Amino acid sequence: MTVTAAIININISNFLFWTSIANHIDNPNLSRAQCMKNALKELKELKELKVEHMLRSFIRNKSREIKKKYPEYTTAHCIKVSLSEWKKQTDLYKL
């Protein structure tokens with residue numbers, strides 16, 4: 001599965017089903033339960049990639065926005081500010 005698959009919305013149950021079947025075809029000696037565990041592990045990795053991609057996009061866009069608004073700020077400072085804003089946003093979702 002490519003990184004682009006992590007970015008688009010996927011139907012989780014279909015993804016797990018077909019990934020476990022593909023895993024079982026590739027490794028017929030594995031049980032169905034083990035194939036499903038492997039599919040769950042792959043889904044977790046995809047979700048982590050998606051969050052990482054979202055973080056990078058947010059920081060890139062936000063730091064450019066800050067740099068345009070305040071040209072005297074260094075790029076490093078703009079990245080630090082945008083990272084702190086990302087953390088504030090994600091902390092709001094955790095509440």
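1. Let's start with serine 63. Serine 63 is buried, at a relative accessible area of 11%. You'll find serine 63 in helix H3. If you skip the neighbours within four places in sequence, serine 63 has Cys78, Ile79 and Ser82 as its contacts.

2. Before going further, a word on confidence, since this is a predicted model. The protein chain averages a pLDDT of 84, and 85% of the residues score at least 70. Where is confidence lowest, and where is it highest? The low end is helix H1 (residues 3-7), with a mean of 44, while H3 has the highest confidence, at 90. Over residues 1-7 the pLDDT is below 50, and that stretch makes 11 contacts in the model beyond near neighbours in sequence. As a reading rule, predicted coordinates should not be read in detail where pLDDT is low.

3. On to charged pairs. How many salt bridges does the structure hold? The count is 3. One of them joins the side chains of arginine 56 and glutamate 52, at 2.8 Å from N to O. Both arginine 56 and glutamate 52 sit in helix H3 (residues 32-69), and being 4 residues apart puts them about one turn of the helix from each other. Arginine 56 is exposed, with a relative accessible area of 54%, whereas glutamate 52 is partly exposed, at 36%.

4. Next, have a look at lysine 62. The side chain of lysine 62 meets that of glutamate 65 in a salt bridge of 3.4 Å, N to O. Here too the partners both lie in helix H3: glutamate 65 and lysine 62 are 3 residues apart, about one turn of the helix. Glutamate 65 comes out as partly exposed, with a relative accessible area of 46%.

5. Lysine 62 has another partner. Its side chain also forms a salt bridge with glutamate 85, at 3.3 Å from N to O. This pair links distant parts of the chain, with lysine 62 in helix H3, glutamate 85 in helix H4 (residues 75-94), and 23 residues separating them. Glutamate 85 is partly exposed, with a relative accessible area of 27%. Through shared partners, the salt bridges join Lys62, Glu65 and Glu85 into one network.

6. Now the rings. Searching the whole structure turns up 3 aromatic pairs. Among them is phenylalanine 17 with tryptophan 18, an edge-to-face pair at 5.0 Å centre to centre, with 80° between the planes. Are these two buried, partly exposed or exposed? Phenylalanine 17 is partly exposed, with a relative accessible area of 42%, and tryptophan 18 counts as exposed, at 54% relative accessibility.

7. The other pair I'd point out is phenylalanine 58 with tryptophan 86. Their ring centres are 5.5 Å apart and their planes are at 50°, so this pair is tilted. Why does the pair tie together parts that are 28 residues apart in sequence? Because phenylalanine 58 lies in helix H3 and tryptophan 86 lies in helix H4. Both phenylalanine 58 and tryptophan 86 are buried.

8. Putting H3 and H4 side by side: lysine 62 in H3 and glutamate 85 in H4 make one link, and phenylalanine 58 in H3 and tryptophan 86 in H4 make another. Glutamate 85 on the salt-bridge side is partly exposed, while the two aromatic partners, phenylalanine 58 and tryptophan 86, are buried.

How values were computed: Residues are numbered from 1 along each chain as its sequence is written. Side-chain values use heavy atoms; hydrogens and water are left out. A salt bridge is a side-chain nitrogen of Lys or Arg within 4 Å of a carboxyl oxygen of Asp or Glu. Helices (H or I, at least four residues) and strands (E, at least two) are DSSP runs, numbered from the N terminus. Buried means under 20% relative accessible area, exposed over 50%, partly exposed in between (1.4 Å probe, protein chains only). pLDDT is the predictor's confidence in each residue, from 0 to 100. Contact means heavy atoms within 4.5 Å. Rings of Phe, Tyr and Trp (its six-membered ring) pair if their centres lie within 6.5 Å; planes under 30 degrees apart count as stacked, over 60 as edge-to-face and the rest as tilted.
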